[in-house]
Structures are given as structure tokens and as C-alpha cells.
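Open the structure in your viewer and set side chains to sticks. The stops below go from one selection to the next.

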Amino acid sequence: MIEEGSKRGKAMVEKRQLFMEMRAQNFDVIRLSTYRTACKLRFVQKRCNLHLVDVWNMIEAFRDNGLNTLDHNAEINVSRLETILSSIYYQLNKRLPTTHQINVEQSIGLLLNFMVATYDSESHGKLTVFSMKAMLATMCGGKIVDKLRYIFSQISDSSGVMVFAKFDQFLREVLKLPTAVFEGPSFGYTEHSVRTCFPQQKKIMLNTFLDVLMADPPPQCLVWLPLMHRLANVENVFHPVECSYCRSESMMGFRYRCQQCHGYQLCQSCFWRGHANGPHSNQHQMKEHSSWKSPAKKLSHAISKSLGCVPIGEPPHPVFPEQAERPQELTHTAWCHFEGAIRVTSLKDDQTSLAVTHSGCQFFLTQDSVGFGFPPISGNNRGQSLNQTTDVIVLESPSRLDEEHRLIARYAARLAAEAGNSTQQCPPTDLSFNFDANKQQRQLIAELENKNREILQEIQRLRLEHEQASQPTPEKAQQNPTLLTELRLLRHRKDELERRMSALQESRRELMVQLEGLMRLLKDEEQKQAVSCP
């Protein structure tokens, strides 16, 4: 009894450790709830080392642990969740250098306790697959556009249209994160959360989804999500500017500039806490800066902009195709496993599949697809190959791999059934492949090998030409008078712009001196008039 009580007490201490450390950071003094929520979740992300796990590594971990085959509403127990987290962190340590290894056990314990406290408040000991995917995809590292693309793939149908019920389920799960860090009153889930993001009932495609969630400002219930990514991007940004309140000579992170008070700037610590002095007020509009530009860079940028030399700003995210890519046809692809040999399998009268096996690695060629794989089957149980799942890598879009894996498994089962029936009806001699009796097939294989060899040689030649072209030598530059003329013109234009900028700066200084003299004259006249008047 004493040992069980001590174990429960230790588990409770580990469960509260992350929240106790978060409270010690004193985030509650931050005045704005958006920054307060983003800072708390960023602390949880870094403390659990989730910022080191890229979103693509997280998606790969979901696939490796078989989560893509489970329904979103399926439940997994805490022990399996711990196994999944262990695989994520151990794979992370393999990618990190030896000098930057993390404490895997501590990271697993902190993240596991945080997820259980967030999504299993009633202590059932189980979490849904969708809640785990939503939480890990939101809190891991990587670009926000990649995270939103993955989330959209989980809440859309096969035609690429968002399902509002699934998006509502996503909001219900992801908004438990602010609630877990005690920001539920500001960003908790409500029944109208979906309509605040998409007020009009219409088809929501991927680009529209990204436009809304990456807008400035984003939807109110998710305004903390892009801010958390901006916090990660500016943590090491240095501003050589003095804070107008705390008088620190430089700033790290965000910098805030008042739009009404000239030259009034605050560091992120003073702004978040609502500090103000002098004529400045917290009611004034402030502009957030995530980088610093010197006055010379600002002036050159302004001149370039006036001359039309500044390129048009890039969109917040690339435009993706509205229609999903068509999956490759794999219903007529069969595997032939023969060590160190080449086998051609005719699947239909008008379609042929070529399979080449060398040292246990299988290559296959059909009318629509080319790929390769490593079958996990030894030579002793080769006859059972059709009953086992083969790991296949198909050269196409990664978003369709799961669907193709299901097609391969389905067709393998059908081939197994047909093979079972054919063994009962046909003699064993009819099943053997005899290439010596078919010269046309041997000629086809030879032609394909020759074409493949020619293509490889052409690729190597083009690669060498590209490398030579990308490294121009001084002799080539001297042989091109047009290039030399353009370089001289560009240098001349640059010198001219620099001279013009210097002249503008000099005239600005003269104007400032004249303005100061006029101001002194005005003050003297006012003093004389005040003295002369009785």
C-alpha cells in the first residue's frame, strides 16, 4: 500500500511538473491574451522538444505506427500513445548530432502527461486518433503552411472539399490546447467557432482554407497559432535600438513602434506588460517589427521603390491545384520474385508488366507506373509472398501513397485467391516462366535495357553541361562584350544612385539647419512681442 501510494504521488508530481515550470515563467503578467497564449504554448513546445520534430517527420511517424489505417474516432490507450511518442523521439535523436542529443525519457514523460491532461480530463486512459494527430501536427516544428495542408487533408473528402463537420471536430480538439494552459475564457471552443472562420456556406478548397487561416488577421479563435510561429522565427532576432521605457540598449525578439509618438519604441517585454511613459499611452496604435533595417537600407529601399526596382511581394503561400492528383493505376500490377532474374507477367492481352529482381530488390514497370520495392520475404517462404504486405515506393505524389498501398494489398489478396484456384486446376509445369521459348520478350527486355542505358548517359551529359555553364570563367566573361557592357552600365548606375543619395542627404541636413534657424527667429519674435506688450 505504501509503495502504491508513493507511485501515485510520483505520477502526480510528473503530471504537474510542466505546469509548475510554466507558472514559474510568469506568463500571466502579459497583458494581451493572444501573446499570453502563444508564449505558453511555445514554452510547452520547446520544453517537450517538439520544435525539433518537423511536421513531415511527424506525418512519417503517423504512417509508420499504422495510424493512417485507423478511423479518426478510434481510441488508443495511453500505453500505445507512449509507444508512438517513443518512436518519434528516438527517431529524432538519430537525426540530431551527438552533441545535441535530447533526454528522450524526460521528453516522453512531459509530453505524455500534457496530452493526457489536455485530452483525457475524465481519466478514461484513452485518446482518439484524431485528437492525437491534431495536437501533434499543431505543436510540432515546421512551416505553418505545411501543417495546415496536412490538417486539410484530414478534414477534406476525396474530391478535395472541406467537410464542415470534420473542421468543427478539428476546432474542438485544437482549442483544447489554449484551455490546457488556462486560456479557455479567451480561446475556448464554442458552437459558433466554425462560422467565425467561414461565415458563408460554400465549398472550401485548399487555397481558400489557407487564405482564411493565414490571413492578417486570422480568425479570432485561432489568432494564437500564426503568432506562435512568428515567435519561433524572431527569438534570435537582434534590434540595435534602445527601448523607450526600460532604456535597454538593444532588443531581442519583436520590436514595437508607436504610430503617433515620434521615435517611441518598446521591446517585447515592456509592450506585453503594458508599460508606457511620457506622452505615450497604451491606447496608441503600435506596429510590430520582426526585423531591423538601418536608415541607409530604408533610404535605399525607398529610392529603389520609387524607381520601380523593388519586386512585387510574394503571396503568403503558394497556390496549390484545386483538384487532387489522379492516383496511378495499380490494379494491373503484379510482383514476380525470382533471385537475379528478369520476369515478364502478362496481366491482360493489351497490358504487360515487367519485373526485374536483383539481390532481393524488385523493380516493376507497368503501362502507368514505375517503382521499386524491397519484399520482406525470404527464399524459404517465397510461396507465401502473395499473402503478405509488400513495402512499395511509387514515384508519384506522397499524398496518394496510402491509397495505393491499400490498392496493392487488395490486389495481392485477389491474386492469392486466383493463385490458389489455379494451382488446383493447372499442372505445375504450366505455371513456370520459360523465357527461352519467347524471343520477342527477350528482345523487349534488351531494348528496354539499352534505352535505359542511353537515358542515363544523356542525364550524365546534361548534368556536366549544367555544372560547366553554372561556373563561368573569366575567359568566358572576357569573350562576351555584351556582358561586360551591361556590367559597366550597372556599376555606373549604382555610382550615380549613390551620388544622388548623398546629395539628398546633404540637402536634408541643410534644410534641417535652416529650419532650426527659422524656429529660433520665431521664438525671438514671440519673446520680443511678449515684452513690448503691456
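Start by selecting K40 and D28, which form a salt bridge whose closest N and O atoms are 2.9 Å apart. Keep in mind that this is a predicted model. K40 sits in helix α2 (residues 33-47) and D28 in the loop between α1 (2-24) and α2, so the salt bridge ties together parts that are 12 residues apart in sequence.

Now colour the pair by accessibility. Which of the two is buried and which is partly exposed? K40 is buried, with a relative accessible area of 3%. D28 is partly exposed, at 47%.

Stay in helix α2 and select R42, then add E235. Their side chains meet in a salt bridge with an N to O distance of 2.9 Å. This pair links distant parts of the chain, since E235 lies in the loop between α13 (224-234) and β3 (238-239) and R42 in helix α2, 193 residues apart. R42 counts as buried because its relative accessible area is 10%, under the 20% cut-off. E235 is partly exposed at 30% relative accessibility.

Next, select R230 and E288. Here too there is a salt bridge, and the closest N and O atoms are 3.3 Å apart. R230 belongs to helix α13 and E288 to strand β7 (residues 286-289), so parts 58 residues apart in sequence are tied together. Both ends are partly exposed: R230 has 34% relative accessibility, and E288 has 26%.

Return to the K40 and D28 pair and add R36 and E183 to the selection. Salt bridges that share partners join D28, R36, K40 and E183 into one network. For the whole model, the count comes to 10 salt bridges.

For the last stop, leave the salt bridges and select helices α6 (residues 129-139) and α7 (residues 144-155). Their axes come within 9 Å and cross at roughly 165 degrees. That makes α6 roughly antiparallel to α7, because an angle over 145 degrees counts as such. The crossing of α6 past α7 is left-handed.

Which residues make the contact? On α6, show F130, K133, A137, T138 and M139. On α7, show K147, Y150, I151, Q154 and I155. Coloured by class, this contact has six nonpolar, two polar and two charged residues.

Note on methods
Residues are numbered from 1 along each chain as its sequence is written. This is a predicted model: local features need pLDDT of at least 70, side-chain atom pairs count only at pLDDT 80 or more; totals for chains, interfaces and linings use all residues. Side-chain values use heavy atoms; hydrogens and water are left out. Axes are lines fitted to C-alpha atoms, for helices over the stretch in contact, and angles run from 0 to 180 degrees between N-to-C directions. Helices (H or I, at least four residues) and strands (E, at least two) are DSSP runs, numbered from the N terminus. Angles under 35 degrees count as roughly parallel, over 145 as roughly antiparallel, 65 to 115 as roughly perpendicular and the rest as oblique. A crossing is left-handed if the near helix is turned anticlockwise from the far one by less than a right angle, and right-handed if clockwise. Contact means heavy atoms within 4.5 Å. Ala, Val, Leu, Ile, Met, Phe, Trp, Tyr, Cys and Pro count as nonpolar, Asp, Glu, Lys and Arg as charged, and the others, Gly among them, as polar. A salt bridge is a side-chain nitrogen of Lys or Arg within 4 Å of a carboxyl oxygen of Asp or Glu. Buried means under 20% relative accessible area, exposed over 50%, partly exposed in between (1.4 Å probe, protein chains only).
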